[in-house]
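Colleague: I'm new to this one and would like a close look at a single part of it, namely how the pieces touch each other. Could you walk me through that?

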Amino acid sequence: MASSNKKISKRDTGKLLNEWSQEFAVFVPSRETGVATMAKWDGKDTSFLDWHRNTVIPPKANFLPAMEEMFNFQRDKEGYHIELPPQDKHKQLIFGIRPCDAKALAILDMTFSDSYQDPYYLSKRKNAVLVGVGCTKAYDSCFCTSLGISPAESTDVDLMLTDIGDEFLIEAITEAGKKLISRSRGLAEANEADETRAKASKEAAYQKVTRQLDTDNIKQRLLANLENKDYWEKIAAKCLSCGVCTFLCPTCYCFDINDELVKQQGARFRSWDSCAFPVYTEMPMENPRVEKWRRVRQRVYHKYEFYPMSFDVTACTGCGRCIRLCPVNWDITQALNNLPAKV
Amino acid sequence: MTITDISHRRKFLAQGNVYLPHIVIIEKIIDETPGVRTFHFNFKDEKLREEFSFESGQFGEYSVLGIGEAPFCISSSPTRRDHLEFALQRVGKVTNALHRLGVGAEIGFRGPYGNGVPLDLLQGKNLVFVGGGIGLAPLRSLIWNVIDNRDKYENIDIIYGARSPSDLCFKYDLDAWNKDKAVNMVTTVDKGDENWTGKVGFVPQVLEQAAPSAQNAVAIVCGPPIMIRFTFPVLEKLGFTPEQMITTLEKRMKCGIGKCGRCNIGNLYVCRDGPVFSYAQIKGFISKEY
Amino acid sequence: MKQESEWEPKLLGLLCRWCSYAGADLAGTSRKKYPANIKILKVPCSGRVDPLFILKALRLGFDGVLVSGCHPGDCHYQTGNYRARRRVAITKKLLEYMGIDPRRIQASWVSAAEGGKFAEVVAEVTKELKEIGPNQLFTPEGKGYGAKATGRG
Amino acid sequence: MEQKLRDGAKALLEQGKVDYIIGFEPGSLKFTTTPLITRDKDDIDRLVINPFIVNNLSAYLTELEGRVGIVAKGCDSRSIVSLIQDKQIAREDIVIIGIPCPGLIDLSKIEQLAGKDRDEVDDITREGDRVVIVVDGKKQEFPITEVLFDNCLGCDMPTPSEYDILLSESSPLVTDKTSSRKKIEGLKGTSQEERWSFWEKEFSRCIRCYACRNVCPACFCKRCFVEESEPQWISPVPQWQDNLMFQVIRNIHVAGRCTDCGECERACPVNIQLRSLAKEMYDIVDDLFQFKAGMDKEAAPLLTAYAVEEAEDFIR
């Protein structure tokens with residue numbers, strides 16, 4: 001019996017993307033600038049199909065860009081006039097998002113739709129289709145499996161693709177995914193053998209993730225070490241207080257808001273900000289996190305203690321970017337695994 | 001009824017694209033102290049002028065367009081709605097720019113944000129207001145609110161201090177409350193001058209001397225962090241439980257709506273879950289992080 | 001480069017208050033004619049000029065920057081102008097490497113008595129800036145913000 | 001050399017001559033090391049020396065209080081000397097454990113040669129002036145100069161001249177000054193407009209994480225000009241114009257302090273060619289003033305010093 005899933009040969013995936021390009025702005029993993037990022041597809045190059053890792057710039061940048069105009073304004077005799085920037089009406093299709101990064105978007109959704117809605121993030125999110133592609137390799141920094149995420153499975157995407165050799169198995173996860181499949185040409189029905197291959201591929205991917213984070217009682221262990229200054233000071237010592245780990249974290253959402261002005265015209269921007277920077281919390285009279293260990297502690301606690309308290313989910317997906325891209329190899333898994341059991 | 005968690009009381013009154021400021025016009029400027037000014041303002045849009053509502057303790061984000069945005073509480077009372085007020089000290093880029101503005105200038109305003117003071121829980125109670133410096137701004141909104149509904153509350157004690165006589169804010173209010181027989185008002189300064197005949201001493205000490213009863217009372221504390229830190233132990237000594245102490249906190253903020261991340265105390269965002277907290281809510285974090 | 005005839009370069013003069021600023025003053029009072037293209041900013045010493053000021057001026061759209069101080073040996077603070085000399089030298093070289101015409105960064109020694117020299121320097125620099133054309137280094141897509149400006153977001 | 005280092009470092013801590021030891025320990029990823037900053041002698045056995053000790057540890061000196069024993073390669077030792085020139089640290093508070101540096105291996109060059117990501121490479125070993133890379137069980141050999149960092153190829157001082165302990169006498173570093181400047185010369189061969197648009201493109205990627213600044217020992221300012229708001233010199237919004245201005249000013253501010261350690265470019269998560277800026281500034285300073293950073297602890301810092309007779313042909 002045929003499964004309800006579809007498949008497509010890797011050779012024809014370019015055609016499929018071309019078809020989707022009629023309807024969407026298609027983004028794919030690109031290393032053209034020397035930095036892997038989700039970039040607008042050029043309509044030709046499909047080399048990213050053979051590159052099964054996550055990007056340096058996380059896909060969150062497609063929804064919460066490094067900088068974004070919030071509105072612009074002009075001043076004339078009648079006073080100020082505030083206008084929203086023109087919106088890109090094209091729907092985004094993100095092809096090749098990894099399960100860790102897709103989960104991260106689901107986490108960001110919580111923050112940006114909690115209490116007040118964030119129109120900039122949510123309008124882009126509502127207008128996007130996520131096509132996940134399962135990993136077949138893992139970096140030695142990856143630890144998604146410790147956080148209950150499989151490198152080749154996701155429920156946070158619309159379509160999920162699994163590498164089964166020369167083909168991808170395509171699973172529709174959401175209604176939007178099902179509709180997209182039903183109007184896409186060139187897809188074949190998957191058979192039982194394909195499903196078996198997909199299962200093996202997923203299992204193999206799972207085994208490739210070797211880094212382990214000890215999540216047993218992690219909230220309690222953290223709470224017990226909240227005031228363990230010696231520990232935090234020691235592990236914070238080598239941190240440079242740069243923004244790499246937070247800017248490139250797929251679940252970090254902190255931002256700054258700043259105005260720009262040229263003559264009577266100006267605009268307000270938001271841009272990524274980081275709890276690693278001392279100025280982040282600086283007030284005229286005092287700064288609650290002027291010491292480095294407090295900032296390092298904040299990052300760890302926000303992800304593993306505070307965010308779970310608010311939203312019942314860990315704000316980390318084990319993508320490993322913060323470990324891999326840190327200029328001094330500051331490793332959050334070590335920081336957590338080495339938490340003293342008794343203080 | 002006790003006041004433990006007042007964060008869930010937060011109201012989301014602002015609507016639409018919450019990041020877009022409304023244009024408001026400065027109607028009056030009062031020099032409070034050499035570095036502090038009060039601005040009276042009103043919405044440019046007639047409809048908003050009518051419809052805008054807020055609660056004591058809530059704050060807004062005020063912007064000088066092209067320079068930037070900063071949060072300040074609404075210092076006027078919702079019971080006196082012909083205009084709105086906020087007060088600020090010159091300390092940085094935005095506050096400097098605001099201080100350069102004159103009457104008639106247009107600024108951006110968005111809000112109201114935050115939870116406000118749980119007035120219903122204060123009804124029928126003795127209220128002890130403890131304020132320091134410009135920390136009187138949020139208290140003042142509440143104090144006028146309470147005075148305008150005087151019969152709903154029991155005793156009102158106000159203990160207010162500043163560094164020096166010239167640093168006392170809202171002197172016209174202090175005069176009015178001093179004259180009001182239904183209010184017990186104590187004003188103090190850290191250091192007097194030749195004309196000062198009132199009390200001299202830090203707010204926590206003066207509070208201890210005044211020793212308001214904790215019986216059926218709620219203390220509302222607002223001032224510089226150092227004052228807040230030293231006031232809680234005094235209140236505890238006087239018999240106040242953490243559930244009987246309310247404070248409004250100040251942190252660096254940008255978005256005002258719980259997104260941009262920087263104003264957290266533990267898992268609470270001061271902008272989203274506060275700025276009004278019961279001491280019971282924050283005492284676990286306050287000693288270290290605040 | 002072809003220019004629109006009405007375009008006039010904007011030059012920022014960072015002038016030492018002890019000499020070049022007085023020199024500019026003298027040029028004015030003695031009715032020496034020099035182009036009105038220069039906007040003058042008085043600095044306590046040419047040694048106060050951080051290369052940051054030069055970059056900021058270019059970022060703000062000035063077409064050129066003139067740093068002017070006391071002749072060698074005449075610095076009110078003994079050595080400020082020598083330090084300025086080093087800073088301007090490396091700034092000019094690095095900016096040239098970056099792709100900025102080095103003629104946008106100019107320096108001169110003008111004493112309080114050299115009103116005439118000041119006028120000449122401003123005239124020469126203005127002429128050079130006219131040859132180079134407007135500074136569009138930082139604003140290739142049109143100035144300002146909002147719907148009219150392109151390529152933003 | 002490693003054992004000598006451990007013995008020396010342990011003795012320093014035990015004898016109370018230093019409060020901290022800063023060195024390298026194995027990192028948590030393949031072919032990486034990570035800074036070890038410790039007061040605990042039990043940590044000392046983790047100290048290593050290998051071709052991946054990339055960090056310039058002198059960046060930590062200005063934030064530690066007390067006396068510090070620090071492992072320093074040639075370029076690091078120059079950064080230390082430069083900090084002494086600038087009176088950021090006192091010579092007597094620092095015990096320099098010098099490593100004659102054989103040159104460090106640039107993993108991105110390995111990746112290019114191997115056609116694999118760094119964690120898929122099985123082994124990298126240096127054998128004299130060759131490097132052996134093992135991928136999927138297959139050995140490949142290359143001249144060492146093909147895998148060393150560009151800045152190592154241009155190194156002016158592999159063996160520290162300022163030290164308290166020197167772990168061995170000479171360094172086997174093979175330099176190649178031409179290759180070291182290859183990217184820069186390539187850029188210089190293009191037109192003024194092309195150069196500007198090259199940098200525009202580079203700085204369009206910048207996300208303003210400040211890794212370049214924070215990793216740099218010469219960037220020791222307590223408060224950087226980018227964090228000033230009154231006046232605000234550059235916008236905090238990462239537009240390429242402000243990103244570029246930040247980096248140009250940073251390079252001018254560290255002129256005469258930069259030892260071409262290459263850390264700015266290595267730390268950059270978005271691969272901006274920062275060394276092409278830093279190295280050019282380094283050479284400009286050398287050409288104009290015959291000044292190389294951190295060579296002489298008695299010398300005055302470049303930008304506070306002067307000579308009466310100095311090139312001023314550009315001054316009217």
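How many residues of chain A are in contact with chain D, and how many of chain D with chain A?

Modeller: Happy to, and keep in mind that this is a predicted model. On the chain A side, 33 residues are in contact with 27 residues of chain D. If you want to find that side of chain A in the viewer, look for helix H8 (244–247), strand S11 (255–262), strand S12 (265–272) and helix H10 (321–324), which each give two or more residues to it. Sorted by class, the side of chain A facing chain D holds 18 nonpolar, 9 polar and 6 charged residues.

Chain A also touches chain B, with 36 residues from chain A and 35 residues from chain B taking part. Over on chain B, strand S4 (68–73) and helix H9 (279–289) each bring at least two residues to that contact. The chain B side splits into 16 nonpolar, 9 polar and 10 charged residues.

Now for a contact inside chain B itself. Its domain assignment gives domain 1 (7–113) and domain 2 (119–285), and their C-alpha centres sit 21 Å apart. Where these two domains of chain B meet, domain 1 puts in 24 residues and domain 2 puts in 25 residues. On the domain 1 side, strand S1 (22–33), strand S3 (59–64), S4, strand S5 (84–89) and strand S6 (106–113) of chain B each supply at least two residues. So S4 of chain B turns up here and also on the side that touches chain A. That domain 1 side comes out as 10 nonpolar, 10 polar and 4 charged residues.

Notes:
Residues are numbered from 1 along each chain as its sequence is written. Chains are lettered from A and ligands numbered from 1 in the order in which they are written. This is a predicted model: local features need pLDDT of at least 70, side-chain atom pairs count only at pLDDT 80 or more; totals for chains, interfaces and linings use all residues. Two residues are in contact if their C-beta atoms, placed from the backbone, lie within 7 Å. Helices (H or I, at least four residues) and strands (E, at least two) are DSSP runs, numbered from the N terminus. Ala, Val, Leu, Ile, Met, Phe, Trp, Tyr, Cys and Pro count as nonpolar, Asp, Glu, Lys and Arg as charged, and the others, Gly among them, as polar. Domain bounds come from an automatic or database domain assignment.
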